[in-house]
Amino acid sequence: MKMSLKLSLSAAVLLSAPLAGAALPTDLAPYFDANSAPTNSYLVVGTYKPPSWSWGEIELLEGKQLYRSENYNRRTEKLRDQDTFQSSSYPVRTYFGSLNQQLVNAFNLYYANSCATTAGSTCPTPGPTRPEARFVLLHKGPKTAARTCNVNLTPTLLVHGAMQDGNVWLFPNGNDGTGSAYGGASQVTGFVQDLESKNRCVYAVTFGNFHGDNFSQAINVSNAVTRIKALHPGVARVDVVGWSKGVLSVDAWLTNAPTWTGFSTTRFFERMAAEQAKAVPAYNDSVRTYVALSGPHKGIDLNFRHPIHTLTIASTSFNAPVGRGPMPWTYFSAFQCVNWGPDVPWYNNPYAESVCEGSGGTWPDYFRRIYISNITGLDSTGKPVTGGSLLTLNVNQGLSSSSFGFDEYNMSLFGSVNDSGKYVNAYLGQLQTADDLRTLYPIPDRSGSEWSSVDHDEDRYFPWVDQKLVYNPYNPFIAAGYLTSTHTQCKATAFDPTGNPCYAYHAYNTNQNREGYDSLGYAKYRLIQSLGIAAAKEMGGKFITRLSERGLDARLPSLYVLYGTTYGASTDARFETDGMSCSTCSVNGDGVLFNASIAAVNQLTQGWTSTKKTADAKQEGMAYGHLEMGATPAVWNKISTHFTSRD
């Protein structure tokens, strides 16, 4: 790939006053990037010119504030063109490879490492595929970079969500370089082109880790807005659109995170969060309109509820899109791996290239555990306690040590402790986002046949489990095993593994992981182990709890909460159905997030006067799913109309 790089040796440094505050506590300091004198400023490291069919220009911004160190695994790093998954059935590289490479090239403006384009090489950490938290890419639309948009209109900043990057706003379905989209999708161009066609200047960010820390990303959003204002000296404010997880970084900034209180002064992760909150710049009245697109303002517990999602992620190649999702369980049995299917050299199956590879197909390894975390709990001060090294735990289950890689196996939402004794988590932002919504949306009983084509657990996971347990080639009239726990209990086990254990029984397997027998001699096996939702909230610093206590800064001229009301056009996007009261009823959400989380205008405007709420806050639902809200022209038109009303 040809690329044009321009280093900005006289880069701008703005608002460089030192930040107040004492030095970090000794036990927390190792978890933050080294910065002895943080300032509320940023540096433009340089600019990158993508191919002519793509962005107009990409800047690399380096924040000078205090950042918590970012962690990665194979599933959260930036993919080079050569790393992007490709097969005849899933030609992902054809449509996303170049776009992925552009991100690596732009981050490489700082690292200047040849690994960025060297075939077969491995990039270091930190590096262009695993950049430090202080770096963020600022994309400019083609007309924006050329300054052929109206530079005097309020410009727009677009903030992506989890498993996304800035490219989702330009080519939501990818681009093969000739204008074709993945899978022949009808929507080829994105919100960037739509806004620029209306003469508006448009920018977007790409965070280093798309599951990254929300406090760090809040700092980067603040820096990006400051940079955009510098590029538009005649404009007082910027319009900001956040989608999905992207709203949380904007929320943290606009609710003035440095003023947050309520953190424990003794618990490890809450103390960490308190230091992070202090590092977010105070909001400075530089946003005109904040559009929140289907964001988890009240948190998410999706993967805790649904076994099929976690196990699909675990069973999928790290570089296939679904393989890049977060998962909560600390271990699961090979019995549960869902990659049963061709796994041979002549068939490239992304659902058989993972920690599950070759597992779960025969009785001897149905219940062999695969550990994706070594954390067993929190001690009296809230620090992680382990059950041994992640390597040893998996080798003891039959894995060869040569097949183990820490970055391949450390993929639980809870993270792991490495061999140096340091806590490492590639999903810090997802951990912060986790919250228990069962009081609002209880886990329902879906055992009735009417749910078999609605709930993916009922139409895919549990039937598959039952089939494997029951099958008995020695005596087809007697089941080889059975699932003792109800489906509801097995769906609740990740929330509370002690109170809701999910067990299976089997007659022909008596390996090391059995926990007893039933009266007929069937061996008892625990299928899922978790730290539980309470631990997840604490390890996330109780981010959602603190956020929900505060409204957005009342100086914000306009808030527009826009959210989906259905799971969308494809049943494959129906990830969250627990809000449905009947099999044909409303999903009470957007197919991923519940209404209580996405339709949160009251939470966001707490502290506003009733007059200001009426004049400056608007909430509206649209009949689209979570994955459609940022990529649908009808939604874009709503936002543009709102912008125009505020011009």
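Aspartate 301 is buried in this predicted model, at just 2% relative accessibility. Its salt-bridge partner is arginine 305, with the side chains meeting at 2.8 Å, N to O. Arginine 305 is tucked away as well: at 0% relative accessibility, it counts as buried. The pair doesn't stand alone, since Asp301 and Arg305 belong to a network of salt bridges that also takes in Arg446, Asp455, Asp457, Lys491 and Asp578.

Across the whole structure, a search turns up 40 salt bridges. One of them joins the side chains of arginine 288 and aspartate 647 at 2.9 Å, N to O. This one links distant parts of the chain, 359 residues apart: arginine 288 sits in strand E8, and aspartate 647 in the segment after helix H19. Arginine 288 is buried, with a relative accessible area of 8%. Aspartate 435 and lysine 537 also pair up, at 3.1 Å, N to O. Aspartate 435 is in the loop between helices H11 and H12 while lysine 537 is in helix H14, so the bridge ties together parts 102 residues apart in sequence. Here the aspartate is buried at 10%, whereas lysine 537 is partly exposed at 25%.

Turning to the nonpolar side, the largest core has 124 residues, and Leu157, Tyr290 and Phe332 touch the most other members. Helix H4 (residues 214–231) gives this core its largest share, 8 residues. Beyond its sequence neighbours within four places, leucine 157 contacts residues including Val221, Ala224, Val225 and Ile228. H4 itself is mostly covered, with 16 of its 18 residues buried. At its N-terminal end, aspartate 213 acts as a cap, placing a side-chain oxygen 2.9 Å from the backbone nitrogen of phenylalanine 215.

Conventions:
Residues are numbered from 1 along each chain as its sequence is written. This is a predicted model: local features need pLDDT of at least 70, side-chain atom pairs count only at pLDDT 80 or more; totals for chains, interfaces and linings use all residues. Side-chain values use heavy atoms; hydrogens and water are left out. A nonpolar core is a set of buried Ala, Val, Leu, Ile, Met, Phe, Trp, Tyr and Cys residues joined through side-chain atoms within 4.5 Å. Buried means under 20% relative accessible area, exposed over 50%, partly exposed in between (1.4 Å probe, protein chains only). Helices (H or I, at least four residues) and strands (E, at least two) are DSSP runs, numbered from the N terminus. Contact means heavy atoms within 4.5 Å. A polar contact is a pair of N or O atoms within 3.5 Å; within protein, one must be able to donate a hydrogen and the other to accept it, and residues adjacent in sequence count only if both atoms are side-chain atoms. A salt bridge is a side-chain nitrogen of Lys or Arg within 4 Å of a carboxyl oxygen of Asp or Glu.
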